[in-house]
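Good morning, and thank you for making time for this presentation. I shall go through one structure element by element, and I ask that you keep it in view as I speak.

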Amino acid sequence: MTRIRTLVVEDSLTVRKHLCEILGADPAFEVVGEAEDGKQAIELCRLLRPDVVTLDMMLPVMSGLAATEYIMAYCATPILIVSSSTNRGELFKTYEALSAGAVEVMEKPKSDEPDGEWEARFRAMVKLVSRVKVITHLRGRLPQARRRSNPSELPSARGEPQECRMVALGASTGGPSAIVEVLRALPPEFPLPVLVVIHIGEPFGTAFAEWLDGQTMHRVCMAQDGQRIPDRGVFLAPPNRHLLVRNGRMYLNDDKERHSCRPSVDVLFESLATEYQAAVAACLLTGMGADGALGLLAIRQAGGLTIAQDEASSVVYGMPREAALLCAAKHVLPLVEIGAMLATLARTA
């Protein structure tokens, strides 16, 4: 059996040894290296070429964010962030690392957790992340590499539903950078509300709307239960609460998980299919699992505009793939073209 070659990066010797012991107790893993700072993490990643890296955010010499950016640019490797950071500034660094290509994030163990519970989740998460085929993230080069010289080549939503009143996005793994790219492609005065569901659990999802608000020209905030839907703006489902729409208002609930997810993209998309029918445009972006595929199908059957991200541009081609298999997506597009298509809706809104 081929073992999962793992590099553990953690500045606390006690925590680092504990993580190594957890992995070492499972024959599926081989801990090939340990690093105590970001610079050492880069050096060992380039030398050892591990299958996966577990990475703390708060590191000496070079931060976890800086290490992530370098690794994903020059020796792309699946990264699992393991962090106890919960203040605003540190959470923002976590979102930046996810946007730079880190695959997932999980909280460090708490003292009150039952014995073995966190350890099992950690091993399962490392296994899951190690299977992701990551892509190189050269932030400074991507806009130039993707820019089209001929505007006529950009996709258009002309010929789609005559009236669009709502846009919705669903994403999971790889979602932070994908959502940022889509929103940046929309004009500053985009005349439609945008509802977003992304799978980032507590405590890491609490400040995501605030971070996203600073990444684009659009006002971004968490959806409020019972809030009337404004004419414009971006609204996120809060961590661990489903978001749905009914009678012109946004509602939140604690109903059971769908596809092991709360919030669930399916819950939002299905409510939009009922509420808006053909007057909604929905996009299913990169992510593990199948959440959102059935909801996207419901929107397409109701006559709405449906888009799924293509395999080549997805960090994880899971959710969009399920949608494509169900023929739920009328358009399967590279990420760079999704925002461009949605932007054309502004001309008909």
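Let me begin with a definition: a residue is called buried when its relative accessible area is under 20%, and exposed when that value is over 50%. Please also bear in mind that this is a predicted model.

With that term in hand, consider helix α4. This helix covers residues 88–99, twelve residues in all. From its first C-alpha to its last it reaches 16 Å, close to the 16 Å expected at 1.5 Å a residue. Which residues of α4 are buried? They are Leu91, Phe92, Thr94, Tyr95, Ala97, Leu98 and Ser99. The cover over these buried residues includes three helices, namely α3 (64–74), α7 (175–185) and α8 (208–213), together with the strands β4 (79–83) and β5 (104–107). Just after α4 comes Gly101, which takes a positive phi of about 125 degrees.

I turn now to the sheet. Seven strands form an open sheet with parallel pairing, in the order β8-β10-β7-β6-β13-β14-β15. Which strands stand at the edges? They are β8 (220–222) and β15 (331–333); each has a single partner strand, so one side of each is left without a neighbour in the sheet. From one strand to the next, the twist averages 20 degrees.

Within this sheet, β13 (residues 280–284) and β14 (residues 305–309) run parallel and are joined by four bridges. One residue to note here is Cys283, whose bridge partner in β14 is Ile307. Helix α12 packs on the sheet, where it touches β6 (166–171), β13, β14 and β15. The direction of α12 makes about 160 degrees with that of β14.

How many of the nine residues of α12 (residues 335–343) are buried? Eight of them are, so the helix is largely enclosed by the rest of the structure. The buried residues are Leu335, Glu337, Ile338, Gly339, Ala340, Met341, Leu342 and Ala343.

A word on the cysteines. A search of the whole structure finds zero disulfides. Cys20 is in no disulfide, and the nearest cysteine sulfur, that of Cys45, is 15 Å away. Cys20 has a relative accessible area of 12% and is therefore buried. Cys283, which we met in the sheet, is likewise in no disulfide; the sulfur of Cys164 is the nearest cysteine sulfur, at 9.7 Å. With 1% relative accessibility, Cys283 also counts as buried.

Finally, I should like to set out two loop residues. Ser264 lies in the loop between β12 (249–253) and α9 (265–276). Is Ser264 buried or exposed? Its relative accessible area is 0%, so Ser264 is buried. Leaving aside residues up to four places away in sequence, Ser264 touches Val197, His242, Arg258 and Asp291. With Asp291 there is a polar contact of 2.8 Å between the side chains. Ser264 and Lys93 are 171 residues apart in sequence, and their C-alpha atoms are 25 Å apart in space.

The second loop residue is Arg131, found between α5 (117–130) and α6 (142–146). Arg131 has a relative accessible area of 59% and is therefore exposed. Although 127 residues separate Arg131 from Ile4 in sequence, the two are 9.4 Å apart in space, C-alpha to C-alpha.

That concludes my presentation, and I welcome discussion.

Note on methods: Residues numbered from 1 in each chain as written. Predicted model: local features only at pLDDT ≥ 70, side-chain atom pairs only at ≥ 80, totals over all residues. Heavy atoms only, no water. Disulfide = S-S within 2.5 Å. Buried < 20%, exposed > 50% of the residue type's maximum accessible area, 1.4 Å probe, protein only. Expected span 1.5 Å × (residues − 1). Contact = heavy atoms within 4.5 Å. Pairing = 2+ DSSP bridges. Axes fitted to C-alpha atoms, helices over the stretch in contact; angles between N-to-C directions. Polar contact = N/O pair within 3.5 Å; in protein donor to acceptor, adjacent residues only side chain to side chain.
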